[in-house]
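Please keep the model open in your viewer and follow the stops below in order, selecting each group as it is named.

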Amino acid sequence: MTTRRCPDCGVSMEETTTRTADGFELHLVTDEPKEGLLGSLGAKEKLKPTTYVCPECGLVRQYVDP
């Protein structure tokens, strides 16, 4: 688990889950084609961001593992 620090407060940010109003997890769709057959059919790569929130100031940041 990666420890993220708030750039404003300097405290450790807490990992949380971000969901849509329908209860689905968020995904980022890139312009890169997906690998394999789905990519050849035009499907794009989807990335799942990890969301962090600062318990002090409420700053929210999302990161994607490279």
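Begin by selecting β4 and β5, two strands that run antiparallel and are joined by four bridges. The coordinates belong to a predicted model, and this applies to every stop that follows. Within this strand pair, pick Thr50 and look across to β5, where its bridge partner is Tyr63. Then follow the connection between the two strands, a hairpin with six residues between β4 and β5, and stop at Gly58, which takes a positive phi near 85°.

Next, add β1 to the selection, so that the open sheet of three strands is shown, with the order β1-β4-β5 and antiparallel pairing. In this sheet β1 (14-16) and β5 stand at the edges, each with a single partner strand, so one side of each has no neighbour in the sheet. If you look along the sheet, neighbouring strands are turned against each other by 35° on average, with direction ignored. As background for the display of backbone contacts, strands of a sheet pair through backbone hydrogen bonds, in either a parallel or an antiparallel arrangement. For the pairing of β1 with β4, which is antiparallel, the count is three bridges, and a residue pair to label here is Thr16 with Thr51, the residue of β4 that stands opposite.

Now show the side chains of Tyr52 and Tyr63, which bring you to the one aromatic pair that the structure holds. The ring centres of Tyr52 and Tyr63 are 5.8 Å apart and the ring planes stand at 70°; because planes over 60 degrees apart count as edge-to-face, the pair belongs to that class. Along the chain the two residues are eleven apart, with Tyr52 in strand β4 (residues 50-53) and Tyr63 in strand β5 (residues 60-63), and in this way the pair links distant parts of the chain.

Which of the two tyrosines is buried, and which is partly exposed? Tyr52 is buried, at a relative accessible area of 5%, whereas Tyr63 has 24% and is partly exposed. Keep Tyr63 on display and add Arg4, which lies over the face of the Tyr63 ring at 3.7 Å from the ring centre.

From there, move on to Val64, in the segment after β5. Val64 counts as partly exposed, at 30% relative accessibility, and, once neighbours within four places in sequence are left aside, its contacts are with Leu28, Leu47 and Pro49. A distance label between the C-alpha atoms of Val64 and Thr50 should read 6.2 Å, although these residues are 14 apart along the chain.

For another separation of this kind, select Gly10, in the segment before β1, together with Cys54. Gly10 and Cys54 are 44 residues apart in sequence, and their C-alpha atoms are 9.2 Å apart in space. Gly10 is partly exposed, with a relative accessible area of 32%.

Finally, return to a view of the whole chain, which has one helix and five strands, running β-β-α-β-β-β from the N terminus on. Of its 66 residues, 11% count as buried, and the chain exposes about 5,200 Å², of which carbon and sulfur atoms supply 49%. Among contacts between residues at least 6 apart in sequence, 37% join residues at least 24 apart.

Technical notes
Residues numbered from 1 in each chain as written. Predicted model: local features only at pLDDT ≥ 70, side-chain atom pairs only at ≥ 80, totals over all residues. Heavy atoms only, no water. Phe/Tyr/Trp six-rings, centres within 6.5 Å; stacked < 30°, edge-to-face > 60°. Buried < 20%, exposed > 50% of the residue type's maximum accessible area, 1.4 Å probe, protein only. Lys NZ or Arg CZ within 6 Å of the ring centre and 35° of its normal. Pairing = 2+ DSSP bridges. Axes fitted to C-alpha atoms, helices over the stretch in contact; angles between N-to-C directions. Contact = heavy atoms within 4.5 Å. Areas by Shrake-Rupley, 256 points an atom, 1.4 Å probe, with all protein chains shown as cover.
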